[in-house]
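Biologist: I should like a close look at one residue of this predicted model, followed by an account of how its surroundings relate to the remainder of the structure. Please begin with the residue itself and work outwards.

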Amino acid sequence: MRAKVYVTLKRGVLDPQGKTVQRAVKSLGFKEVLEVRQGKYFELALPDDVAADRARQVVEEIARTVLTNTVIEDFRFELEEA
Amino acid sequence: MKFGIVVFPGSNCDHDAYHVAKHVLGEEAVFLWHKDESLQGCDVVILPGGFSYGDYLRTGAIARFSPIMKSVGRFAADGGRVIGICNGFQILLEAGLLPGAMLKNERLKFVCRHVHLRVETCRTPFTGLCAPGEVLSIPVAHHDGNYFADAATLAELKAHDQIVFRYCTEAGLLRAEANPNGSAEHIAGICNRAGNVLGMMPHPERAAEAMLGSADGLKIFQSLLAAPAGAR
């Protein structure tokens with residue numbers, strides 16, 4: 001089983017990297033892009049026989065305590081059967 | 001007074017802090033390995049600058065789970081003096097011993113130069129020898145020093161006199177051009193409500209001897225010596 005965890009900056013938190021990427025995108029001529037927000041993506045491999053409830057619980061705790069600084073970031077995740 | 005300097009894998013200002021405590025101040029100093037739990041009876045714990053765990057994931061995010069951080073948390077809760085410098089400040093934030101978080105510098109550049117700091121409060125054991133509003137010249141060297149906290153947290157910091165240092169001009173004025181990283185409220189250093197835990201981005205240990213360009217940082221260490229004893 002695989003967990004895919006997405007960590008994003010909260011709304012209202014300045015994202016200088018995203019801004020720089022947005023400027024680059026704009027200078028390439030893609031004027032439609034109004035904003036870029038940069039985030040992080042993690043894949044966690046879990047044993048196939050782990051129960052989905054348990055997997056959700058484990059991934060949620062890891063995402064909250066390690067992968068995310070909840071002062072500035074939010075996370076969401078999905079589980080995928082191998 | 002006994003200083004304990006925590007050594008994480010990737011710490012690189014640990015020897016500078018040790019040098020100031022041991023040779024400039026002439027006090028007792030020991031290194032504390034991050035995998036140990038004992039603080040060896042130290043009066044002051046320093047979390048030094050550097051790149052603990054390569055700054056992977058987020059600055060300070062992995063170091064906060066080191067065994068020694070449990071002891072540092074208990075020591076701080078009991079009133080023990082803790083000072084986190086640069087990466088040490090980032091670790092204190094990740095550990096929740098101080099509020100807020102660090103973002104990348106506004107201009108996405110590593111900034112390494114002398115800055116001016118205005119002393120905003122002298123109530124802490126780290127600033128007792130400073131005058132209110134005094135301007136100190138101390139260097140910064142970081143990529144993630146853009147302090148962030150939500151509006152409610154910033155209001156709390158102000159209400160409880162927890163902003164210790166602000167970036168300023170040589171004359172002590174708060175100006176955008178004097179803020180090296182875009183940090184909220186020009187914050188360079190904050191303390192917890194009780195005042196016994198200090199986090200600061202500038203490096204006082206690099207400005208503790210006149211031959212290195214400034215001895216202003218020494219005031220922070222000397223203030224600790226002059227302050228009434230804390231917990232141990």
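Biologist: What is the relative accessible area of B:Glu185?

Modeller: B:Glu185 has a relative accessible area of 30% and is therefore partly exposed, a class that lies between buried (under 20%) and exposed (over 50%), computed with a 1.4 Å probe on protein chains only. Residues are numbered from 1 along each chain as its sequence is written, while chains are lettered from A and ligands numbered from 1 in the order in which they are written. The model is predicted, so that local features need pLDDT of at least 70 and side-chain atom pairs count only at pLDDT 80 or more, whereas totals for chains, interfaces and linings use all residues; side-chain values rest on heavy atoms, without hydrogens and water.

B:Glu185 sits in the loop between β9 (163-168) and β10 (187-191) of chain B. Helices (DSSP runs of H or I, at least four residues) and strands (runs of E, at least two) are numbered from the N terminus. The backbone of B:Glu185 deserves notice: its phi is positive, at about 60 degrees, although the residue is not a glycine. Most residues other than glycine have a negative phi. B:Leu57 also has a positive phi without being a glycine, in this case of about 70 degrees. B:Leu57 belongs to the loop between β3 (44-47) and α2 of chain B, and with a relative accessible area of 23% it is partly exposed.

The side chain of B:Glu185 takes part in a network of salt bridges together with B:Arg118, B:Glu120, B:Lys158 and B:Arg166. Such a bridge requires a side-chain nitrogen of Lys or Arg within 4 Å of a carboxyl oxygen of Asp or Glu. Side chains of opposite charge can pair when their charged atoms come close. Over all chains, the count comes to 17 salt bridges.

One of them, in chain B, joins B:Lys219 to B:Glu134, with N to O at 2.4 Å. B:Lys219 lies in helix α5 (residues 218-226) and B:Glu134 in the loop between β6 (111-119) and β7 (135-142), so this pair ties together parts of chain B that are 85 residues apart in sequence. B:Glu134 is buried, at 19% relative accessible area, whereas B:Lys219 is partly exposed, at 27%.

Chain A has salt bridges of its own, among them A:Glu43 with A:Arg2 (2.9 Å, N to O). This pair links strand β2 (residues 39-45), which holds A:Glu43, to strand β1 (residues 2-9), which holds A:Arg2, across 41 residues of chain A. Both partners are partly exposed: A:Glu43 has a relative accessibility of 41%, and A:Arg2 one of 37%. A:Arg11 and A:Glu35 form another bridge, at 3.5 Å from N to O. Here the residues are 24 apart, A:Arg11 in the loop between β1 and α1 (16-27) and A:Glu35 in the loop between α1 and β2 of chain A. A:Arg11 counts as exposed at 65% relative accessibility, while A:Glu35 is partly exposed at 47%.

Between chain B and chain A the count is one salt bridge. A:Glu73 and B:Arg58 meet in a salt bridge at 3.8 Å, N to O. The interface also contains five residue pairs in polar contact, both residues at pLDDT 80 or more; a polar contact is a pair of N or O atoms within 3.5 Å, where within protein one must be able to donate a hydrogen and the other to accept it, and residues adjacent in sequence count only if both atoms are side-chain atoms. β5 supplies three residues to the side of chain B that touches chain A, the largest share.

In all, 15 residues of chain B are in contact (heavy atoms within 4.5 Å) with 16 residues of chain A. The two chains bury about 1200 Å² between them, 68% of it on carbon and sulfur atoms; this is the accessible area (1.4 Å probe) lost when the two parts are put together, summed over both. In chain B, the residues that lose the most area to chain A are B:Leu57, B:Arg58 and B:Leu103, together 39% of what that side buries. B:Leu57, noted above for its positive phi, thus returns here beside B:Arg58.
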